[in-house]
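Got your viewer open? Load the model and follow along, one selection at a time.

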Amino acid sequence: MTRPIVYDATHLVSVGTAAGAAGIGRLDLAFARHFAAHPRLACGAHYGMRGPHVLAPARLSAIVADVAPAARDDSADWAELRGWLLGAQPDRSATPIRSKSRGALDKLLWRTPLRLANDEPRALPPSALYLNIAQHACEFPALFRWLARRPDMRAVFFVHDLLPLDRPEFFRRGYGPLFQRRIDTILRHAHGLLTTSHAVAERLEREIGARGATRIPIHVEPPPSTLEATSGDVAQDDELARRDYFVLLSTLEPRKNHLMLLNVWRALAEGGRPAPKLVLVGGRGWENEQIVDMLNRCETIRPLVRWTSGLAAPHLRRLLANANALLMPSFAEGYGLPVVEALSLGTPAIVSDIPVFREIAQERAVFLSPIDGLGWKRAITDFGAANSPRRLAAMREAQSFQAPDWTNYFERIEGFLDTL
């Protein structure tokens, strides 16, 4: 049975242009962009206390266009960052380069009408397939009780990982119970689950089994890079490629292990030899005071480390494509989209030796323990030499990476949806 699709746009409406700032949001935006233009789309949906509000397909398309990161102009920020990497500007404090964004009042004025909108104040179409990618507000089960009243519909949720249950020390205080409620809601209503890796799927199966619940079909599909090339977009930059720099792409939070890398950079800076530069790309998360303090107060690393956020896809592509390597020293991940993005560009990746990274990198990365600071220091030093055998081998591995693509990705996703 080919069911019409109802796409849950609550997360896009709630966070606006911040939707693409982190991995879950970028994936939600990619799904919304795909299904907003899909002939099977019946409508979008937005949470309401008495049931979801209906968003017409044209309104969903307008929301996607409005929140897309490409709509932001970061040309001045990129010029400043590139100039710093090229040494054309004086070094300065590693403070965030902020992109232009809506003011708080603009955001309020933009979101409120969408939250109240109800283009077709009636029940959602019969026998539809409800698709929820971002898990937004799933910790409030009352918002999803309507699904129990619609046995004709099939609900599909994306589960990105279960790390808040397994590694609560890496998340905000109190987030574990909140996330538990979120998973309770998902497993209560889901007829199908999507995820990114076999590592997460196996953990999900254990969770379902431990609850004694009915088995839920799980489809594993590794998402492609969200840094798609656009017309006229040139990733190669010969001037940048001649500079030694590394990139870490992730939110500043303890799980991502920024502090270990910053201490490595301090050791490199004090080593008596020219040290490469490090660009941290990502928003500020939680419990990162030590990271921020070191960025702001450690004079040794100030000339070498820059923290930025809000780079548009073309500039992030160029930054990654010409770097010595992507660095991902995470303690735990459910996927690791930056690893796929870097390898898809042919950029080597030095990553933590955790099962999910070995899976998604297809063994084509340099794997190190996230607590082996000396090992990371040696690898970064090796990658600073253009003719280093280790660096050349990693470049060959990266160039042989079989990058997933969006066409095949969504074909397989839709194939799974058709089985429900």
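Start by selecting A241. This is a predicted model, and in it A241 has a relative accessibility of 35%, so the residue counts as partly exposed. A241 belongs to helix 10, which covers residues 238-241. Now show what touches A241: apart from neighbours within four places in sequence, the contacts are Q236 and N322. Then add R318 and draw a C-alpha to C-alpha distance from A241; the two are 9.7 Å apart in space, with their positions 77 residues apart in sequence.

From there, pick up helix 13, residues 313-321. Helix 13 lies across strand 8, strand 9 and strand 11 (325-328). Against strand 8, the helix runs at about 130 degrees.

Next, bring up the sheet under discussion. Which order do the strands take? Colour them as 10-9-8-11-12-13: that is an open sheet of six strands, paired in parallel. At the edges you'll find strand 10 (305-308) and strand 13 (366-368); each has a single partner strand, so one side of each has no neighbour in the sheet. If you fit axes, neighbouring strands here turn by 25 degrees against each other on average, direction ignored.

Zoom in on one pair within that sheet. Strand 8, residues 245-249, and strand 9, residues 277-281, run parallel and are joined by five bridges. To line them up by eye, select Y245 and look opposite, where K277 sits in strand 9.

Now move to another set of strands and select strand 6, residues 192-195. In a regular strand, side chains alternate between the two faces of the sheet. Here G192 and L194 point one way, L193 and T195 point the other way, and all are buried.

Strand 6 has partners to show as well. Add strand 5 (residues 154-158): strands 5 and 6 pair in the parallel sense over three bridges, and F157 stands opposite L193. Then add strand 7 (residues 218-220), which runs parallel to strand 6 and is joined to it by three bridges. Here the facing residues to click are T195 and V220. Trace the backbone from strand 6 through helix 9 (residues 198-210) to strand 7, and you have followed a right-handed β-α-β crossover.

While helix 9 is on screen, select E207, which lies in that helix. Is E207 buried or exposed? At 11% relative accessibility, it falls on the buried side. Leaving out neighbours within four places in sequence, E207 is in contact with L162, L165, Q180 and L187.

Two cysteines are worth a click too. C43 has 2% relative accessibility and counts as buried. C298 is likewise buried, with a relative accessible area of 9%. Don't go hunting for disulfides, though: the structure holds zero.

Finally, zoom out to the whole chain. The secondary structure comes to 18 helices and 13 strands. How many of the 420 residues are buried, as a percentage? They make up 55%. Switch on the surface and you're looking at about 17,800 Å² of exposed area, 53% of it supplied by carbon and sulfur atoms. For a contact map, take contacts with a separation of 6 or more: 76% of them are between residues 24 or more positions apart.

Key
Residues numbered from 1 in each chain as written. Predicted model: local features only at pLDDT ≥ 70, side-chain atom pairs only at ≥ 80, totals over all residues. Heavy atoms only, no water. Pairing = 2+ DSSP bridges. Helix = DSSP H or I, 4+ residues; strand = E, 2+ residues; numbered from the N terminus. Axes fitted to C-alpha atoms, helices over the stretch in contact; angles between N-to-C directions. Contact = heavy atoms within 4.5 Å. Disulfide = S-S within 2.5 Å. Buried < 20%, exposed > 50% of the residue type's maximum accessible area, 1.4 Å probe, protein only. Areas by Shrake-Rupley, 256 points an atom, 1.4 Å probe, with all protein chains shown as cover. Right-handed = clockwise from strand over helix to strand, strands pointing away.
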